[in-house]
Amino acid sequence: MNMISSKNRIAIIGGGPSGIMAAAIASLKSFNEVFIFEKNEKLGKKLYITGKGRCNITNASPNEILMQNISENPKFMFSALNALNSDDLIKFLNRFGLKTKVERGNRVFPVTDRASDVTKTFEKILKDNLVNIRYESEVISINKSNNMFIIETEKEVLQFDKVLIATGGLSYPSTGSTGDGYKFAKNFGHKIIDTKAGLCAIKLKDDFSSCNLLSLKNVELSLYNKKRLIRKEFGELLFKDNAVSGPIVLTISNFIDTTKMKDIRLILDLKPALDFDILNDRILRELKKYDNSEIKTMMTSLLPKSLINIFLKRCKIDTKKKCNQISKEERHNIIDNLKSFNLHFDSLEDISSAIITRGGIDIREINPATMESKKCKNLYFAGEVLAISGLTGGFNLQIAFSTGYCAGMNL
């Protein structure tokens, strides 16, 4: 291994969205010599899987809305979003040739619907600005000696004036996010907030195997800690074996803290547009219409077929019972379960399958305006390695790009 020494050198550990943004900005300054250390064979590997391969770059909303959709440590992002908001990001990418479009919910995508075009845009910027990219180069250690950072990989040992750690969290380890950044941060005295899965499926104690891949639209899911309502979401829910996923579940999952919440309750309203009286009138009509038919047949007018047996079992009603034999109490039981169907919480999906990682490097030890460590001069952090996270809709990539931009400006 060769020891190379030079001045004004910047090392960026991780070629994800925050790392490539920081490298692009830092390399625009001619006095900087920028290196990226990427353990994969290409940059932006996680970008390829965002937005189902289309890359939901950001959310075209004002900062006030962006802040409302950052569920973990939103105040920390105030300076970063003022430095690079979603409009700034879109203009930046447009300037370098990436055309974008805005879809439902203000989600921003490349016009081509190809995540690879986002990465190619950054690759061109980096190439034009002579950024030295070390592919398949995993950093083993980062140490500091005589105000210089010494970075060791399997192939070489290099010295740098400044270092940015942008290694991501623990979700989707196949993209290279394996928690290296936490190890490096600890080495410099940083505290790590316990990591947990974010924007993930929720495992249930109930047996919903017969409902696998059943999608419910226009339903409402509420999260309670004991009797206190924590969050309520309206939209689509998907049954996955003995778990639930889908947009409203992913959002709800970001508000579940199993270390602090001792009685987690998930209540599903299957008919949020209808109140008790309207449902009661409708069910009376359906019971009369189906009269001598079995109750499970009548329930097809209210629920998907695969959910009916489970639902009636919860209502303690025999599936073969005739409609004309259903009592008032049983009818009310059906209504109660339509409005408050309990999904018995078991656990969050494993962090390796989660879209994002919650927790990470304690943001109280990071300067929010520059992303520089308060523990170690000239050491910076950006992106998912920090204890900041948002909801679905482009907010997490905006966090990555904004923190990367701030770091790049100050590197």
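**Exercise 1. The open sheet**

Task: In this predicted model, determine the strand order of the open sheet of seven strands and identify which strands are its edges.

Solution. Step one: the order reads S19-S18-S15-S16-S17-S14-S20, and the pairing is antiparallel. Step two: strand S19 (341-343) and strand S20 (345-348) each pair on one side only, which makes them the edge strands. Step three: from one strand to the next, the twist averages 40°. Step four: at the S20 edge, strand S14 (residues 202-204) is joined to S20 by three bridges, and Leu204 stands opposite Phe345 in S20. Step five: helix H11 (residues 328-339) lies across strand S18 (264-269) and S19, running at about 110° to S18.

**Exercise 2. A helix pair**

Task: Describe how helix H1 (residues 17-27) and helix H5 (residues 115-128) cross, and state which residues meet.

Solution. Step one: two packed helices are described by the angle and the distance between their axes. Step two: the axes of H1 and H5 come within 9 Å and cross at roughly 35°, in a left-handed crossing. Step three: Ile20, Met21, Ala23 and Ala24 in H1 meet Phe122, Ile125 and Leu126 in H5. Step four: classed by type, this contact has seven nonpolar residues, no polar and no charged ones.

**Exercise 3. A pocket**

Task: Characterise the lining of the second largest pocket.

Solution. Step one: the volume of this pocket is about 400 Å³. Step two: of its 14 lining residues, Glu72, Lys196, Asp257, Lys260 and Arg358 are the closest to the centre. Step three: strand S5 (70-72) and strand S13 (192-198) are the elements giving two or more residues; S13 gives the most, with three. Step four: the lining has three nonpolar, five polar and six charged residues.

Terms used: Residues numbered from 1 in each chain as written. Predicted model: local features only at pLDDT ≥ 70, side-chain atom pairs only at ≥ 80, totals over all residues. Heavy atoms only, no water. Axes fitted to C-alpha atoms, helices over the stretch in contact; angles between N-to-C directions. Helix = DSSP H or I, 4+ residues; strand = E, 2+ residues; numbered from the N terminus. Left-handed = near helix turned anticlockwise from the far one by under 90°. Contact = heavy atoms within 4.5 Å. Nonpolar A, V, L, I, M, F, W, Y, C, P; charged D, E, K, R; others polar. 1 Å grid on protein atoms, 1.4 Å probe; cavity = no way out; pocket = protein on both sides within 12 Å on 5 of 7 lines; lining within 4 Å. Points joined across faces, edges and corners; volume = space filled by probe spheres on them. Pairing = 2+ DSSP bridges.
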